[in-house]
Amino acid sequence: MDMIAEKFDAIVIGAGMSGNAAAYTMASHGLKVLQFERGEYPGSKNVQGAIMYANMLEKIIPDFRDDAPLERHLVEQRLWVMDDTSHTGMHYRSEDFNEAKPNRYTIIRAQFDKWFSRKVRAAGATVLCETTVTELVRDAKDKVVGVRTDRAGGAIFADVVILAEGVSGLLGTRAGLREMPKPQSVALAVKEMHFLPEDVIEQRFGLKGGEGCVIEAVGTISRGMAGLGFLYTNKESISLGIGCLVSDFAATMQSPYALLDALKDHPSIRPLIAGSEVKEYAAHLIPEGGYKAIPQLFGDGWVVVGDAAQLNNAVHREGSNLAMTSGRIAAEAIVQVKRRNGPMTKQNLVLYKTMLNKSFVVKDLKKYKDMPALLHTNSRNFFTTYPQLMSQAAQNFMRVDGTPKIEKEKATAAAMIKARSRWGLVSDAVRLALAWR
Amino acid sequence: MTVAVTLRVEEKLYQNRYLVDSGRPHIKVRPHERPSANLLGLTRVCPAQCYELNDQGQVEITADGCMECGTCRVLCEASGEIEWNYPRGGFGILFKFG
C-alpha cells in the first residue's frame with residue numbers, strides 16, 4: 001500500500017458509532033484521517049437493539065434525516081414487569097412524538113453504519129475495511145505512534161490513535177491501557193430479527209405512518225439473573241432479544257438461546273411475532289459497569305471512546321448516543337490540540353476527559369454509579385420476587401370472586417411481607433432510592 | 001415455565017452469514033485434564049454453542065459459528081484457559097442486520 005509511507009493526523013480503530021463520529025468530526029475539520037474496520041463492511045461486526053437518539057446525531061450530522069436509513073420514530077414505550085404467564089405494564093404513548101424532527105428512531109445497525117461510513121468518506125477520511133489492527137506501535141518514550149495490521153506492509157503512523165474498538169476491544173487491553181471488562185460489568189445479549197409485513201406490524205402495535213413502539217421488560221424471563229428483555233419495531237421487522245449479566249450466566253449455567261426461545265414463547269410476546277420469518281440471530285456484549293467501570297480514557301498518543309470505554313447507561317438503556325458523543329468530543333479535543341500545534345501527549349489529551357466530564361455522558365453515569373452493584377447483588381429480588389408479587393397483586397385486584405376487598409388487600413400485603421419481610425421491603429426501597437438519586 | 005424449549009442453536013446460526021477462515025480458528029482452548037467451572041460453563045453459556053464436552057470430559061471448541069461476542073474471553077482469557085484473537089480482516093461473522 002502506498003499510504004504506508006504517509007503519516008496521518010489520526011488513526012481510528014473501528015467503524016461503529018463512536019469511531020464513525022470521531023472520524024467524521026476530525027475529517028470535517030480538515031484532519032487527515034485513516035479508519036480501520038475489520039468487518040467486510042462497516043456494521044458487519046456491530047450489534048445493537050437498536051434505538052438511535054436524534055439529538056446526539058444532530059450534533060454531528062444536523063441533516064441526517066435527509067438520507068439516513070431510519071426505521072420508525074418512536075411514539076410509544078412499554079415497560080413491562082413479567083412473570084411466567086402475565087405482564088404488568090406502564091405504557092407511555094404521545095402524539096407529541098409525531099413531530100417534524102422526532103427524538104428517537106429504531107435503526108438496523110448494518111444499514112445505518114454503512115450510511116454513516118459513506119458520510120465519513122465524503123468528509124475526506126480514508127476507510128479501510130477487512131483489515132484487523134493487530135498491534136499498537138509505540139516509540140522509545142512509550143507514546144503510541146501508530147498501528148500494525150494483518151495486511152502486508154509495515155507500521156502505519158499517526159499523531160494520535162482513537163480506540164473505538166468496541167466492548168471487547170483487544171488492542172487496548174492487550175497493550176495494558178485498560179483492563180478487560182469483568183464478568184459482572186458486562187451483559188450478554190442475544191437477539192433475533194423477525195420479519196413481518198409492514199401493515200401487520202402496524203396493526204399489531206396500533207401504529208401508522210412510520211410510527212414505532214418499543215417494549216422493554218424485566219421479570220422471570222431472566223430466571224433470577226439481572227437482565228432485560230426487549231422488543232423493538234422496525235419498518236418490516238421486529239428485533240427481539242434478551243440480555244443478562246455474564247457473571248449471572250456463568251453462575252447459573254443458563255443458555256442464552258434457551259432464554260430467548262422462552263421469551264418468544266411467552267403468552268404476552270408470542271402473538272406479537274406470530275408468523276414471522278427469522279433472518280438473523282446475533283449476540284453481543286453490553287457494558288453495564290457504569291461510572292465505576294470507566295477506564296483511563298487518554299494517554300500519550302491515544303484516546304478510547306464508546307463501548308471500549310464502557311460508556312453505557314444501563315438504567316436508561318442508552319449506549320449509542322454515549323458512543324457518538326464520546327467520539328465527537330474526543331475528535332473536537334484532538335482538533336483543538338492540533339490547531340494550537342500541540343503534541344498529542346497525555347498532558348494535552350486530558351482535554352477530552354475534561355470536555356466529556358462536562359457533558360451528559362459522564363454526568364448521567366455518575367448519577368447511577370451505585371445502581372450496577374445494587375442490581376447485581378439483589379438480582380433475584382428485583383428480577384424474580386418483585387415481578388411475581390406484582391403480578392399476584394394485580395391479579396388479586398382484577399379477579400372478582402366474592403372475596404371481600406379488605407381481605408384481598410390484606411392477602412396482597414401479607415404476600416409481600418412473607419416474600420421479603422417488612423425490613424427487607426423497606427431496605428430494598430431505600431437502597432433503590434439512594435442508587436437512583 | 002412449563003414450556004419445553006428445544007435447544008437447537010444450529011437452526012438459529014443457519015440464518016447467519018459467515019466467512020470461515022478454514023484451518024485458522026480464532027479461538028483455542030488450552031489442553032487440560034479437567035475444565036474449570038468457568039470453562040465448563042461455556043458449554044452452556046456460549047450463545048453459539050461453540051464449546052462442547054468430549055468423551056474424556058474435556059472442553060473443545062469449534063469456532064465456525066462464533067458471533068465474536070467475547071463472553072468466553074471475559075470468562076476464560078485471564079486464566080489462560082482460552083486464547084482469543086480477532087479473525088483475520090473480512091473473516092468471521094458478517095451481520096446482515098446486526
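Chain B has three helices and six strands (DSSP runs, H or I of at least four residues for helices and E of at least two for strands, numbered from the N terminus), and from the N terminus on its elements run α-β-β-α-β-β-α-β-β. This is a predicted model, in which local features need pLDDT of at least 70 and side-chain atom pairs count only at pLDDT 80 or more, while totals for chains, interfaces and linings use all residues. Residues are numbered from 1 along each chain as its sequence is written, and chains are lettered from A and ligands numbered from 1 in the order in which they are written.

The C-alpha atoms of chain B fill a box of roughly 45 × 40 × 25 Å along the principal axes. Of its 98 residues, 40% count as buried (20 or more other C-beta atoms within 10 Å of the residue's own, with C-beta atoms placed from the backbone). Among contacts in chain B (C-beta atoms, placed from the backbone, within 7 Å) between residues at least 6 apart in sequence, 68% join residues at least 24 apart.

The contact between the two chains takes 47 residues from chain A and 35 residues from chain B. On the side of chain A that touches chain B, the largest share, eight residues, comes from strand 15 of chain A. The residues of this side, and those of two contacts within chain A, divide by class as tabulated (Ala, Val, Leu, Ile, Met, Phe, Trp, Tyr, Cys and Pro count as nonpolar, Asp, Glu, Lys and Arg as charged, and the others, Gly among them, as polar).

| Residues classed | Nonpolar | Polar | Charged |
|---|---|---|---|
| Side of chain A that touches chain B | 25 residues | 11 residues | 11 residues |
| Side of domain 1 of chain A that touches domain 2 of chain A | five residues | five residues | three residues |
| Contact of helix 14 with helix 15 of chain A | three residues | one residue | three residues |

Chain A is divided, by an automatic or database domain assignment, into domain 1 (2-71 + 107-179 + 295-367), domain 2 (183-287) and domain 3 (371-436). The centres of domain 1 and domain 2 of chain A, taken over C-alpha atoms, are separated by 29 Å, and their contact takes 13 residues from domain 1 and 14 residues from domain 2.

In the largest nonpolar core (buried Ala, Val, Leu, Ile, Met, Phe, Trp, Tyr and Cys residues joined through C-beta atoms within 7 Å), which has 155 residues, A:Ala10, A:Val161 and A:Ile162 touch the most other members. Helix 9 (residues 320-339) of chain A gives the largest share of this core, nine residues. Leaving aside residues up to four places away in sequence, A:Val161 touches A:Ile11, A:Ile13, A:Leu136, A:Val144, A:Val147, A:Gly301 and A:Trp302.

Note on methods. Buried ≥ 20, exposed ≤ 12 C-beta atoms within 10 Å, placed from the backbone.
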